[in-house]
Amino acid sequence: MSAIHQEIVFQAAPQRVYDLLTSSKLFTEVSGAPADIGTEAGAAFTVFGGMITGRQIEVVPGRSLVQAWRAGNWPPGLYSVARFELAADGATTRLTFDHTGFPPEAKEHLETGWQKMYWDKLGTYLAV
């Protein structure tokens, strides 16, 4: 099975990073693209103007988020699982990210995309 594992450190508290990932308004500011993010388990989300859609599977504010996640160009009904774990590390947050269940041919694009479209943008936003 294809999998991506990434660990990123952000200069912010876990709740702040969590809020940036789950607030429609803040994610839109971070990404520069429209986002509509439901925050309860079972709620739908759409980010990057509909390029990415899914549902919240598990929501633990300030600690973790698990999503059924899909790219708009995937076959209908195909969802992967994106897991975000947040842990305080002094004045920073260590985000441990795991993404599984995506088409194997999408791995390289997804690895690059998570870095460029999520982690780099979050880091830049938090540095302001």
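How many aromatic pairs does a search of the whole structure find? In this predicted model, the search returns 14 aromatic pairs. One of these is formed by Phe27 and Tyr118, whose rings are tilted with respect to each other, with 5.5 Å from centre to centre and 55° between the planes. The pair joins distant parts of the chain, since Phe27 belongs to helix α2 (residues 24-31) and Tyr118 to helix α3 (residues 107-127), 91 residues apart. Phe27 has a relative accessibility of 3% and therefore counts as buried. Tyr118, at 5% relative accessibility, is likewise classed as buried.

Tyr118 also pairs with Phe48, and this pair is edge-to-face, with a centre-to-centre distance of 5.6 Å and an angle of 70° between the planes. Here too, distant parts of the chain are linked: Phe48 lies in the loop between β3 (44-47) and β4 (52-60), while Tyr118 is in helix α3, 70 residues apart. The relative accessibility of Phe48 is 13%, so this residue counts as buried, the cut-off being under 20%.

Phe27, Phe48 and Tyr118 are members of a cluster linked through ring pairs. The cluster further contains Phe10, Trp69, Trp74, Phe84, Phe97, Trp114 and Trp119. A contact of another kind involves Tyr79: the charged end of Arg70 sits over the ring of this tyrosine, at 5.5 Å from the ring centre.

The structure was also searched for cavities. Across the whole structure, one cavity of 30 Å³ or more was found. The volume of the largest cavity is about 50 Å³. Its lining includes Phe27 and Tyr118, the two residues that form the tilted pair described above. Phe84, listed in the ring cluster, also lines the largest cavity. The other lining residues are Leu21, Ile37, Phe45, Val47, Leu65 and Gln67. Strands β3 and β5 (64-71) each contribute at least two residues to this lining. By class, eight of the lining residues are nonpolar and one is polar, with no charged residue present.

Tyr118 thus appears in several of these results: Tyr118 pairs with Phe27 in a tilted arrangement, pairs with Phe48 edge-to-face, and lines the largest cavity.

Note on methods:
Residues numbered from 1 in each chain as written. Predicted model: local features only at pLDDT ≥ 70, side-chain atom pairs only at ≥ 80, totals over all residues. Heavy atoms only, no water. Phe/Tyr/Trp six-rings, centres within 6.5 Å; stacked < 30°, edge-to-face > 60°. Helix = DSSP H or I, 4+ residues; strand = E, 2+ residues; numbered from the N terminus. Buried < 20%, exposed > 50% of the residue type's maximum accessible area, 1.4 Å probe, protein only. Lys NZ or Arg CZ within 6 Å of the ring centre and 35° of its normal. 1 Å grid on protein atoms, 1.4 Å probe; cavity = no way out; pocket = protein on both sides within 12 Å on 5 of 7 lines; lining within 4 Å. Points joined across faces, edges and corners; volume = space filled by probe spheres on them. Nonpolar A, V, L, I, M, F, W, Y, C, P; charged D, E, K, R; others polar.
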